[in-house]
Amino acid sequence: MLLDQNEVAVALAKKQFVPYFQPLHDVVTGDCIGAEILARLPLPDGSVSVPSKFLPMMDTDRDLPTLTRILMKEAETWLTGMIIPDGFVLTINITPNMAGEEWLTEACNRLMACANRRLILILELTERTPL
């Protein structure tokens, strides 16, 4: 079920979105070499909403940066205290409008610090907005 704009706005305001970490594997060795941060929204019935159900209702310039901030902050919590191997890859999607924003640079620096700078952080530009 597609969420409406009000449901999405409430979920953003309450910071209900959570990161899911999709493992990245080396195709030769099969080793887990990192993770992609994916947005999910837990629902009251215990199910989890996927991006195709909430992203269409988000404003690119206002809501997507808020969502990205929430996910990056939660990722900091996840990384804090973990033993991260050198070269662990962590990816997150951003819109072209976010590139160069001061808050994004600060969030990236905090993620790197949480992992004792052992992390390879990749920001993937989404295809949602034209360059």
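**Getting to know helix α4 and the pockets**

Reader: Which residue does the side chain of Glu 76 join in a polar contact of 2.9 Å?

Author: This is a predicted model, so everything here is computed. Glu 76 is found in helix α3. Leaving aside neighbours within four places in sequence, Glu 76 is in contact with Arg 110, Leu 111 and Cys 114. The polar contact of 2.9 Å, side chain to side chain, joins Glu 76 to Arg 110.

Reader: Okay, and is Glu 76 buried or exposed?

Author: Buried is the word for a relative accessible area under 20%. Glu 76 comes in at 7%, so Glu 76 is buried.

Reader: What about Leu 111, is that one buried or exposed?

Author: Leu 111 sits in helix α4. Not counting residues up to four places away in sequence, Leu 111 touches Met 72, Ala 75, Glu 76, Leu 79, Leu 119 and Leu 121. Its relative accessibility is 0%, and the cut-off is under 20%, so Leu 111 counts as buried.

Reader: How far apart are the C-alpha atoms of Leu 111 and Ala 75?

Author: Along the chain, Leu 111 and Ala 75 are 36 residues apart. Still, Ala 75 is among the residues that Leu 111 touches. Between their C-alpha atoms, the separation is 7.4 Å.

Reader: Which elements cover the buried residues of α4?

Author: Let's start with the residues themselves. In α4, the buried ones are Trp 103, Leu 104, Ala 107, Cys 108, Leu 111, Met 112 and Cys 114. Their cover includes α3, β4 and β5.

Reader: How many ångströms does α4 reach from its first C-alpha to its last?

Author: α4 has 13 residues, and at 1.5 Å a residue the expected span is 18 Å. The reach in the model is close to that, at 19 Å.

Reader: Which residue with a positive phi follows α4?

Author: Look in the loop between α4 (102–114) and β5 (119–125). The residue there has a positive phi of about 50° although it is not a glycine. At 58% relative accessibility, that residue counts as exposed, because the cut-off is over 50%. The residue that follows α4 is Asn 116.

Reader: And Lys 15, what is its phi?

Author: Lys 15 is in the loop between α1 (5–13) and β1 (18–25). With 62% relative accessibility, Lys 15 counts as exposed. Lys 15 is not a glycine, yet its phi is positive, at about 55°.

Reader: Now for the pockets. Which residues are closest to the centre of the largest pocket?

Author: The largest pocket has a volume of about 310 Å³. Its lining has 18 residues, with 11 nonpolar, 4 polar and 3 charged. At least two lining residues each come from β2 (32–42), α3 (63–79) and β4 (88–94). Closest to the centre are Leu 55, Leu 64, Leu 67, Asn 93 and Thr 126.

Reader: Which element gives the most to the lining of the second largest pocket?

Author: That pocket holds about 160 Å³ of space. Two or more lining residues come from each of α1 and β2. With 3 residues, the element that gives the most is α1.

Reader: How many nonpolar residues does the lining of the second largest pocket have?

Author: The lining residues include Met 1, Leu 3, Val 10, Ala 11 and Pro 42. Glu 7 and Gln 16 are in the lining too. By class, there is 1 polar residue and 1 charged residue, and the nonpolar count is 8.

Terms used: Residues numbered from 1 in each chain as written. Predicted model: local features only at pLDDT ≥ 70, side-chain atom pairs only at ≥ 80, totals over all residues. Heavy atoms only, no water. Helix = DSSP H or I, 4+ residues; strand = E, 2+ residues; numbered from the N terminus. Buried < 20%, exposed > 50% of the residue type's maximum accessible area, 1.4 Å probe, protein only. 1 Å grid on protein atoms, 1.4 Å probe; cavity = no way out; pocket = protein on both sides within 12 Å on 5 of 7 lines; lining within 4 Å. Points joined across faces, edges and corners; volume = space filled by probe spheres on them. Nonpolar A, V, L, I, M, F, W, Y, C, P; charged D, E, K, R; others polar. Expected span 1.5 Å × (residues − 1). Contact = heavy atoms within 4.5 Å. Polar contact = N/O pair within 3.5 Å; in protein donor to acceptor, adjacent residues only side chain to side chain.
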